[in-house]
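Open the model in your viewer and keep the selection panel at hand. Each stop below gives you something to select and tells you what is there.

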Amino acid sequence: MNAHYYGLILAGGRGTRFWPRSHKRSAKQVLNVVGERSLIQATVERLAPVIPPERLWILTNEHLRGIILKQLPEVPRNQVLAEPVQRNTAPAIGLAAQILHSQDPDAVMGVFPSDHVVSKPAVYRKVIAAALKGAAAGNLMVVGIQPRWPETGYGYIEFPSGTEAGSSGIAPVLRFHEKPQLAKAEEYVAAGNFYWNSGMFFWRTDVLLGQLRQHLPKTATILASLPRFGARSFAAGLKKAFPLCENISIDYAVLEKAASEVPSSVCGVAAPDFGWNDVGSWNAVYELLPRDDCGNVAPSDSVCLESLNNFVDARGKVVALLGVNDLIVVDTPDALLVASRTHAQRVGEILKTLESRSRHDLL
């Protein structure tokens, strides 16, 4: 463990595609959708050998801070911060960098999503260690996941031709690519040097703050003007200043611009397979869990007759399926979801409809 390594876990999302189990006060990252522990608990656990909990910071929202504190007693309470408002990843990461740099001028930080699954944590930790080492040398580091199919829902990182997954060392990033159409995604996969953007980033805090001053000066100035973290006026200052920050991702604000500079300071790790899955929908959960002989994921006391490839999450209740295929069934005390697995990515649309009907009790 390097005493100057820190981690920021971003945990402010709502996880709308996991409705009805995911609500404002019980979002995807605090649910145990895969395994016995919640996704954020699993994130902290697998990071611990590289970045211990006492050097982890978590940025979330007012709705989730309480449950995160309960789930993660090993993380210091004052390091679980609630954003006054959502302002995307650039202000969030900039805030953490500002705080860490004020406490440790040599700080190197990793930025991690709170709601991903990693089935090979030992391999994952080797990737993280390599990325942190590259960041300590002054690079802006990213982690690329070798595509397993032509995914249109992820951004892509372009490495030099011939870059192989798991190759030793770090590789320069030529450019970032937005979520592509299917034909373009197929080209990327065939080329072999385009990798999924995992959403994990690494840099020295002084380097990141310098990039923000260059590319996002308004937000950088706002964050630099905050009272010292730990001061009695910090919370009030944050509540007043943070909403004034620009609503923009770190990808657009810094990484894409830095990658276009000559010379570029953006590098990455073309990661070997560490069993990464961003668990983006109920169908992704279905793909991760063991299935019975008919392809169903369901509680052991369920009854499945002439039914194939269904996903059932109905805790404490016997569910009987008869003559149905490829369904998602999620039952909670206040709502029931029945959807086709092929429509799993559209579950978030239900919340928009509920919101238009002022059913805030179900959001």
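**Stop 1: helix 1**

Start with helix 1, residues 39–47. This is a predicted model. Seven of the nine residues in helix 1 are buried, so the helix is largely enclosed by the rest of the structure. Which residues of helix 1 are buried? Select Leu39, Ile40, Gln41, Thr43, Val44, Arg46 and Leu47. Note that Gln41, Thr43 and Arg46 are on that list along with Leu39 and Ile40.

Now show what covers the buried residues. Among the covering elements are strand 1 (5–10), strand 2 (56–61) and helix 2 (62–71). Add strand 4 (108–113), strand 5 (117–118) and helix 4 (121–136), which also belong to the cover.

**Stop 2: the loop before helix 1**

Step back to the loop between strand 1 and helix 1, and select Pro20 there. The peptide bond joining Trp19 and Pro20 is cis, with omega about 10°.

There is another cis bond to visit. Go to the loop between helix 9 (250–259) and strand 11 (266–271), where Pro263 sits. The bond from Val262 to Pro263 is cis, and its omega is near 0°.

**Stop 3: the nonpolar cores**

Next, the largest nonpolar core, which has 49 residues. Which of its members touch the most others? Select Ile93, Leu95, Met109, Trp203, Ile250 and Leu255. Helix 3 gives the most to this core, with eight residues.

Zoom in on Trp203. Leaving out residues up to four places away in sequence, Trp203 touches Ile93, Ala107, Val108, Met109, Val111 and Ala135, among others. The list also includes Asn139, Leu140, Leu208, Ile250 and Leu255.

A second core, separate from this one, has 43 residues. Its members include Ile40, Leu72, Ala131 and Tyr188. You have already met Ile40, as one of the buried residues of helix 1.

**Stop 4: helix 3 against helix 6**

Select helix 3 (residues 89–103) and helix 6 (residues 205–215). Two packed helices are described by the angle between their axes and the distance between the axes. Here helix 3 and helix 6 pack at about 130°, with their axes 9 Å apart. The two helices are therefore oblique to each other. Helix 3 passes helix 6 in a left-handed crossing.

Which side chains should you show? On helix 3, pick Ile93, Gly94, Ala97, Gln98, Leu100 and His101. On helix 6, pick Thr205, Asp206, Leu208, Leu209 and Leu212. By class, this contact of helix 3 with helix 6 has six nonpolar, four polar and one charged residues.

**Stop 5: helix 3 against helix 7**

Keep helix 3 and add helix 7 (residues 217–224). The axes of helix 3 and helix 7 come within 10 Å and cross at roughly 40°. Helix 3 and helix 7 are therefore oblique to each other. Helix 3 passes helix 7 in a right-handed crossing.

From helix 3, select Pro91, Gly94, Leu95 and Gln98; they meet Thr219, Leu223 and Ala224 in helix 7. The residues of this contact of helix 3 with helix 7 divide into four nonpolar, three polar and no charged. Gly94 and Gln98 appear on both helix 3 contact lists, with helix 6 and with helix 7.

**Stop 6: Leu305 and Glu306**

Move to strand 13 (residues 303–305) and select Leu305. Leu305 counts as partly exposed, at 47% relative accessibility. What does Leu305 contact beyond its neighbours within four places in sequence? Show Leu321, Leu322 and Gly323. Leu322 is 17 residues from Leu305 along the chain, yet their C-alpha atoms are separated by 4.9 Å.

Then click Glu306, in the loop between strand 13 and strand 14 (311–314). Is Glu306 buried or exposed? At 70% relative accessibility, Glu306 counts as exposed. Its phi is near 50°, a positive value in a residue other than glycine.

Ser358 also has a positive phi, near 60°. Find Ser358 in the segment after helix 11 (348–356).

**Stop 7: Arg148**

Finish in the loop between strand 6 (140–145) and strand 7 (156–158), and select Arg148. With 41% relative accessibility, Arg148 counts as partly exposed. Arg148 touches Trp196 and Trp276, not counting residues up to four places away in sequence. For a last distance, pick Gly348: Arg148 and Gly348 are 200 residues apart in sequence and 25 Å apart in space, C-alpha to C-alpha.

Conventions: Residues numbered from 1 in each chain as written. Predicted model: local features only at pLDDT ≥ 70, side-chain atom pairs only at ≥ 80, totals over all residues. Heavy atoms only, no water. Axes fitted to C-alpha atoms, helices over the stretch in contact; angles between N-to-C directions. Helix = DSSP H or I, 4+ residues; strand = E, 2+ residues; numbered from the N terminus. Parallel < 35°, antiparallel > 145°, perpendicular 65-115°, else oblique. Left-handed = near helix turned anticlockwise from the far one by under 90°. Contact = heavy atoms within 4.5 Å. Nonpolar A, V, L, I, M, F, W, Y, C, P; charged D, E, K, R; others polar. Buried < 20%, exposed > 50% of the residue type's maximum accessible area, 1.4 Å probe, protein only. Core = buried A, V, L, I, M, F, W, Y, C linked by side-chain atoms within 4.5 Å.
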